[in-house]
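User: Please take one part of this model and go through it closely, with the values. Then connect that part to what surrounds it.

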Amino acid sequence: MQSSATATARQKMVDGQVRPSDVTDIRILDAMLAVPREAFVPENKQALAYLDLDLDVSDGNSAKRFLIKPAVLAKMLQAADIKQSDRVLVVGCATGYAAAVIAQFAPQVTATESDSALAAKAQASLARNGCGNVTVRTAAPADGDAAGAPYDVIVLNGATEIVPEQLYGQLRSGGRLVGVFAMSRPARATIVTAAHGDFGHRTLFDAAAPVLPGMELVPAFVF
């Protein structure tokens with residue numbers, strides 16, 4: 001895709017998918033207009049980069065990994081209300097697009113990815129696109145980044161079918177975790193707020209997203 005074509009595609013994504021989803025935070029809109037989403041998509045799928053879908057960015061030889069729908073990501077970021085001083089953790093970052101968007105208005109972002117090869121690709125793509133304030137580490141989504149905790153905001157780049165208790169423990173008091181909670185049907189985007197060791201849950205909106213690796217519900221054994 002040519003640069004003028006991708007700029008037009010980005011504008012259409014924001015105007016046709018994100019703004020109609022009641023996203024009004026100008027920082028998020030500007031970030032999505034600035035970050036070339038196709039730079040975080042394999043070359044053979046770049047024509048799909050701006051569509052309203054969960055885009056598989058795996059290379060075919062590994063577990064499937066996705067960029068979640070642009071509107072779902074934008075609505076969760078708006079609910080997280082990321083401040084200029086916030087330290088942000090993105091878990092299950094895949095190729096790094098969500099981290100790149102957040103890096104436009106947050107000073108320090110850490111991203112984790114369980115696939116070490118994909119983590120290396122994410123770090124390289126982020127560096128090529130001017131996101132020097134993002135550090136990518138190889139870790140399972142449910143493990144988060146205990147060494148770097150506490151965080152003001154944790155963003156799940158996907159869904160979870162289990163309560164991410166380990167991530168809760170990495171929130172600063174007053175911190176927020178946003179993600180798609182798929183413990184029941186329908187799945188719903190949810191914000192969890194930490195306050196003095198307690199965690200308040202608030203449903204944001206119905207949403208669907210691929211479940212992050214390691215955050216699937218393990219079926220109970222039936223005798």
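Analyst: Helices and strands are named here from DSSP runs, with at least four residues for a helix (H or I) and at least two for a strand (E), and they are numbered from the N terminus. The model is a predicted one. The part taken here is the core around V90 and V109, starting from a loop residue, A94.

A94 sits in the loop that runs between strand β3 (87-91) and helix α4 (97-102). Its phi is near 55°, which is a positive value in a residue other than glycine. Is A94 buried or exposed? With a relative accessible area of 0%, A94 is buried; the cut-off for that class is under 20%.

The core comes next. The largest nonpolar core has 59 residues, and M32 and V90 have the most contacts inside it. As background, nonpolar side chains in soluble globular proteins tend to be buried together. When residues up to four places away in sequence are not counted, V90 touches A98, A99, I102, V109, T110, A111, T112, V155 and N157. Apart from this core there is another, of 14 residues, including I154, Y168, L177 and V192.

V109, one of the residues that V90 touches, belongs to strand β4 (residues 108-113). V109 has a relative accessible area of 1%, so it counts as buried. With its neighbours within four places in sequence left aside, V109 is in contact with V88, V90, A99, I102, A103, N133, V134 and T135. A99 and I102 are therefore found in the contact lists of both V90 and V109, where contact means heavy atoms within 4.5 Å. V109 can also be placed relative to Y151: the two residues are 42 apart along the chain, and their C-alpha atoms are separated by 9.7 Å.

From Y151 the chain leads back to a cis peptide bond. This bond joins A149 and P150, and its omega is about 5°. P150 lies in the loop between β5 (134-138) and β6 (151-160). A further cis peptide bond runs from R185 to P186, with omega near 0°. P186 is in the loop between β7 (171-181) and β8 (188-195).

Past β8 there is a residue to set beside A94. H196 occupies the loop between β8 and β9 (198-206), and its phi is near 55°, again positive in a residue other than glycine. H196 has a relative accessibility of 75% and so counts as exposed, whereas A94 is buried at 0%.

The N-terminal helix gives a second view of the surroundings. Two packed helices are described by the angle between their axes and the distance between the axes. The axes of helix α1 (residues 3-18) and helix α3 (residues 70-80) come within 9 Å and cross at roughly 70°. The two helices are therefore roughly perpendicular to each other, as the range for that class is 65 to 115 degrees. On the α1 side the contact is made by M13, Q17 and V18, and on the α3 side by P70, A71 and A74. By type, the contact residues are five nonpolar, one polar and no charged.

Charged pairs complete the picture. The structure holds 13 salt bridges. In one of them E38 pairs with R10, the closest N and O atoms being 3.8 Å apart. R10 is in helix α1 and E38 in the loop between α2 (26-34) and β1 (55-56), so this pair ties together parts that are 28 residues apart in sequence. E38 and R10 are both buried.

Another salt bridge links D15 and R19, with the closest N and O atoms 3.0 Å apart. D15 counts as partly exposed at 38% relative accessibility, and R19 is also partly exposed, at 39%.

The salt bridge of K64 with D56 has an N to O distance of 3.0 Å. Here the partners fall into opposite classes: K64 is exposed at 56% relative accessibility, while D56 is buried at 13%. K45 joins D56 and K64 in one network, through salt bridges that share partners.

Note on methods:
Residues are numbered from 1 along each chain as its sequence is written. This is a predicted model: local features need pLDDT of at least 70, side-chain atom pairs count only at pLDDT 80 or more; totals for chains, interfaces and linings use all residues. Side-chain values use heavy atoms; hydrogens and water are left out. Axes are lines fitted to C-alpha atoms, for helices over the stretch in contact, and angles run from 0 to 180 degrees between N-to-C directions. Angles under 35 degrees count as roughly parallel, over 145 as roughly antiparallel, 65 to 115 as roughly perpendicular and the rest as oblique. Ala, Val, Leu, Ile, Met, Phe, Trp, Tyr, Cys and Pro count as nonpolar, Asp, Glu, Lys and Arg as charged, and the others, Gly among them, as polar. A salt bridge is a side-chain nitrogen of Lys or Arg within 4 Å of a carboxyl oxygen of Asp or Glu. Buried means under 20% relative accessible area, exposed over 50%, partly exposed in between (1.4 Å probe, protein chains only). A nonpolar core is a set of buried Ala, Val, Leu, Ile, Met, Phe, Trp, Tyr and Cys residues joined through side-chain atoms within 4.5 Å.
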